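Grab the viewer and a pencil: here are some short exercises on a predicted model. Try each task before you read the solution under it.

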Amino acid sequence: VSGVNLCLQSGAQISGTVYAGGNPLENANVAALVISTYEGGDWNLQGVAWANTDETGNYTLTVSPGGEYYVRSQPNAPWLEQWYSNATAFTSATLVTPTVEMPASEIDFNLDEGALIGGHVMAENSPASNVLMQVFLVVTNGGEGWFFQSIAETRTDAEGSYLVTVPPDVDYYVAAQPDGTQWVAQLYSNAFSLASATTVRP
């Protein structure tokens, strides 16, 4: 099919520097995200631009002009994820609204060092790769019930190993969620319900 033509337009830029321990941090992923809403009131966060910081900790994102964006830094261990500006979750983050004429610059991050949770996942006697590992809290909702609050997630590598960074001195649940295999989800330690699971406090 011919004639499927496109006309590109200038984008707006978001830029800044990621610091860790006072020093520029290389290879930290930075993303711009928006809230997408659906019929019935459901919503989720959708990433629209991504970049990794260079050797000087700098990054630049290009987004559609005039939108409102959350900006998040996801570094490697042992540094904690952070939302602009100095927020631990998007609910307390500051929105960024760049335009072509007025880019959003100095959207910087100063990351804190976290605690580590890691281990191995085995399926029978073999390493289980690509298993989704989730670290979460169970939060009570003012006497009206409770909900899961995700803190960190990753996937196991070829050796079945995983490592995540979390805020220290908190009790966490750790879950293994295999994808579409014969294996069932499991909580640490060898549990299949919250009531019998063991929390981890790094």
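**Exercise 1. Work out the strand order in the open four-strand sheet that holds strand 13, and say which strands stand at its edges.**

Solution. Start with the order: the strands of this open sheet run 13-12-15-16, with antiparallel pairing. Next, look at the ends. Strand 13 and strand 16 each have a single partner strand, so one side of each is left without a neighbour in the sheet.

Now walk through the pairs. Strand 12, residues 132-140, is joined to strand 15 by five bridges, and the two run antiparallel. To find your register there, pick Val-135: its bridge partner in strand 15 is Val-174. Moving on, strand 15 pairs with strand 16 over two bridges, again in the antiparallel sense. Here the handy marker is Ala-175, which stands opposite Leu-187 of strand 16.

**Exercise 2. Is strand 15 largely enclosed or left open by the rest of the structure?**

Solution. Count residues under 20% relative accessible area, the cut-off for buried. Four of the five residues of strand 15 pass, so this strand is largely enclosed by the rest of the structure. For the chain as a whole, buried residues make up 35% of the 202 residues.

**Exercise 3. Do the edge analysis again for the open sheet that contains strand 6.**

Solution. The order this time is 4-3-6-7, a sheet of four strands with antiparallel pairing. The edges belong to strand 4 (43-52) and strand 7; each has a single partner strand, so one side of each lacks a neighbour in the sheet. Then check the end of the row: strand 6 and strand 7 run antiparallel and are joined by two bridges. Arg-72 gives you a way in, as it stands opposite Trp-83 in strand 7.

**Exercise 4. Describe the largest pocket: how much space does it hold, and what lines it?**

Solution. First the volume: about 1,000 Å³ of space lies in it. There are 34 lining residues, and those closest to the centre are Gln-74, Glu-81, Ile-151, Ala-152 and Thr-165. Then sort the lining by element. Strand 6 (70-74), strand 7 (82-83), strand 8 (109-111), strand 13 (146-155) and strand 14 (161-166) each supply at least two residues. Strand 13 has the largest share, with six residues. Finally, sort by class: the lining has 20 nonpolar, 10 polar and four charged residues.

**Exercise 5. Repeat this for the second largest pocket.**

Solution. This one has about 480 Å³ of space. Of its 24 lining residues, His-120, Val-121, Met-122, Ala-176 and Gln-186 are closest to the centre. The elements giving two or more residues are strand 9 (115-120), strand 10 (122-123), strand 15 (173-177) and strand 16 (186-187). Strand 9 gives the most, four residues. By class you should get 17 nonpolar, six polar and one charged.

**Exercise 6. Zoom out: which elements does the chain have, and how far does its C-alpha trace span?**

Solution. Tally the elements and you get zero helices and 16 strands. Along the principal axes, the C-alpha trace spans about 55 × 50 × 45 Å. Now take contacts between residues at least 6 apart in sequence: 64% of them join residues at least 24 apart. Last comes the accessible surface, about 12,300 Å², with 46% of it belonging to carbon and sulfur atoms.

Notes:
Residues are numbered from 1 along each chain as its sequence is written. This is a predicted model: local features need pLDDT of at least 70, side-chain atom pairs count only at pLDDT 80 or more; totals for chains, interfaces and linings use all residues. Side-chain values use heavy atoms; hydrogens and water are left out. On a 1 Å grid over the protein atoms alone, a cavity is a set of points where a 1.4 Å probe fits but cannot get out, and a pocket is an open set with protein on both sides within 12 Å along at least five of seven lines; lining residues have an atom within 4 Å of a point. Grid points are joined across faces, edges and corners, and a volume is the space filled by probe spheres set on the points. Ala, Val, Leu, Ile, Met, Phe, Trp, Tyr, Cys and Pro count as nonpolar, Asp, Glu, Lys and Arg as charged, and the others, Gly among them, as polar. Two strands pair if DSSP finds at least two bridges between them. Buried means under 20% relative accessible area, exposed over 50%, partly exposed in between (1.4 Å probe, protein chains only). Contact means heavy atoms within 4.5 Å. Accessible areas come from the Shrake-Rupley method with a 1.4 Å probe; for residues, only the protein chains shown count as cover.
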